[in-house]
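Thanks for sharing this one. Below are some notes for a reader who is meeting the structure for the first time, going from the whole chain down to single residues.

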Amino acid sequence: MTKVDCVCAVGAQLGEGPLWSAPEQAVWFVDIKGRQVHRFDTRGSALSSWAAPEEVGFVVKATGGRFVAGMKSGLHSFDPTNGKFTLITRVDSDRPRNRLNDGYVDGAGRLWFGSMDNDESQPTGSLYRFDQRGLRRCDENYVITNGPTTSPDGRTLYHVDTLERIIYAFDLNDGDLSNRREFARIEKPGAYPDGPAIDADGCVWIGLFGGWGVQRFSPQGELLQTIEMPVANCTKVAFGGNDLRTMYITTAWKGLSKEQLATQPLAGGLFATRVGTPGVAPNEVRYDG
């Protein structure tokens, strides 16, 4: 079995969106339901936290040392020096039950993210692109969206329909999507695909919510590897360290009973393990504002 360690027992209700910051040697991540942005310093194991005014689905880096956060109401800039969130643009204002969930920046500096029904019951969620041209809805009719991520060559975008347990692939050409098809389907009983991440070989890593681990799929959609975890709800991975071969994994205690929590005391923690193939360094959002 692969050795997996809990490096930060933060106890996030819904930990998500790990983001490696090489200059800081730190992992940024969020607790969506706890309305927190966290930063874990891997050099000294110190945790810094900022309260968010709304449920916060992700934070990503932007040019000029800025951050962009996906909130319930839309995209906001986030300044960790003062903890201030400032609205950039509203998203799904006509769908008040929705919130933003997961985000990713491609090699061209475009931000891709999803919205979803906060009650996890209605197909009101969409896949969005945000760049210098503005905000565009690119796909819709999702209950719970997760991802996206893109292949290392930038020609394929992967996006997750969590409740249908399907990972989709799209052709990506200059920010436009086409040819949606099923890339892989999660077959493990009780497991739902959560956030995806890409490694240098073009393999897709998927967090398994309710699945006690993470899985790695080849570029052809073949299941190659499963890393087992000591907690049931694994949400997403990020690659860090100087060689991008330390995998950080966010988890959640959301949905667990008191009895289940008693047997999973580290649920909601940030975990780490070493992997053979490095990841791909994260990109920064390019936008005027």
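1. Surface. A good place to begin is the outside of the chain: its accessible surface comes to about 11,700 Å², and carbon and sulfur atoms hold 46% of that. Please keep in mind while reading that this is a predicted model.

2. Make-up. If you like to count elements, you will find 24 strands and one helix in the chain. The strands come up again in most of the points below.

3. Overall dimensions. Along the principal axes, the C-alpha atoms fill a box of roughly 45 × 45 × 40 Å. The radius of gyration is 17 Å, which agrees with a compact globule, because a chain of 289 residues folded that way would have a value near 19 Å.

4. Inside and contacts. How much of the chain is buried? Of the 289 residues, 56% are. Looking at contacts with a separation of 6 or more, 46% join residues that are 24 or more positions apart.

5. Charges. The chain carries 31 positive and 35 negative charges. The mean position of the positive ones and that of the negative ones are 2 Å apart.

6. Aromatic pairs. The count of aromatic pairs comes to 12. One of them brings together Trp-28 and Phe-78: the ring centres are 6.4 Å apart and the planes stand at 80°, so this pair is edge-to-face. The two partners come from distant parts of the chain, with Trp-28 in strand β3 (residues 26–31) and Phe-78 in strand β8 (residues 74–79), 50 residues apart. Are these two rings buried or exposed? Trp-28 counts as buried because its relative accessibility is 2%, and Phe-78, with a relative accessible area of 3%, is buried too.

7. A second pair to look at. Phe-183 and Phe-217 also form an edge-to-face pair, because their planes meet at 65° with the ring centres 6.5 Å apart. Phe-183 belongs to strand β17 (residues 176–185) and Phe-217 to strand β20 (residues 213–217), so the pair ties together parts that are 34 residues apart in sequence. Phe-183 is buried, at 11% relative accessible area, and Phe-217 is buried at 4%.

8. A ring cluster. Which residues do ring pairs link into a cluster? They are Trp-28, Trp-50, Phe-67, Phe-78 and Phe-85. You have already met Trp-28 and Phe-78 as an edge-to-face pair.

9. A cis peptide bond. Do pause at Gly-147 and Pro-148, which are joined by a cis peptide bond with omega of about 10°. Pro-148 sits in strand β14 (residues 145–150).

10. Positive phi at Ser-45. Ser-45 is not a glycine, yet its phi is positive, at about 60°. Where is Ser-45 found? Look in the loop between β4 (36–41) and β5 (46–51). Its relative accessibility is 49%, so Ser-45 counts as partly exposed; the exposed class begins over 50%.

11. Positive phi at Asn-141. Asn-141 is a residue other than glycine with a positive phi, here near 70°. Asn-141 lies in strand β13 (residues 134–142). With 56% relative accessibility, Asn-141 counts as exposed.

12. Ala-169 and its surroundings. Ala-169 has its place in strand β16 (residues 166–173) and counts as buried, at 3% relative accessibility. What does Ala-169 touch, leaving out residues up to four places away in sequence? The list is Thr-156, Leu-157, Tyr-158, Asn-179, Arg-180, Arg-181 and Phe-183. Phe-183 is also a partner in the ring pair with Phe-217. Arg-110 is 59 residues from Ala-169 in sequence, and their C-alpha atoms are 17 Å apart in space.

13. Trp-205. To finish, turn to strand β19 (residues 204–209), where Trp-205 is found. Trp-205 counts as buried because its relative accessibility is 2%, and buried means under 20%. From Trp-205 to Thr-273 there are 68 residues in sequence and 13 Å in space, C-alpha to C-alpha.

Notes. Residues are numbered from 1 along each chain as its sequence is written. This is a predicted model: local features need pLDDT of at least 70, side-chain atom pairs count only at pLDDT 80 or more; totals for chains, interfaces and linings use all residues. Side-chain values use heavy atoms; hydrogens and water are left out. Helices (H or I, at least four residues) and strands (E, at least two) are DSSP runs, numbered from the N terminus. The radius of gyration is taken over C-alpha atoms; the globule rule is 2.2 Å times the number of residues to the power 0.38. Buried means under 20% relative accessible area, exposed over 50%, partly exposed in between (1.4 Å probe, protein chains only). Contact means heavy atoms within 4.5 Å. Accessible areas come from the Shrake-Rupley method with a 1.4 Å probe; for residues, only the protein chains shown count as cover. Lys and Arg count as positive and Asp and Glu as negative; His and the chain ends are not counted. The place of a charge is taken as NZ of Lys, CZ of Arg, CG of Asp or CD of Glu. Rings of Phe, Tyr and Trp (its six-membered ring) pair if their centres lie within 6.5 Å; planes under 30 degrees apart count as stacked, over 60 as edge-to-face and the rest as tilted.
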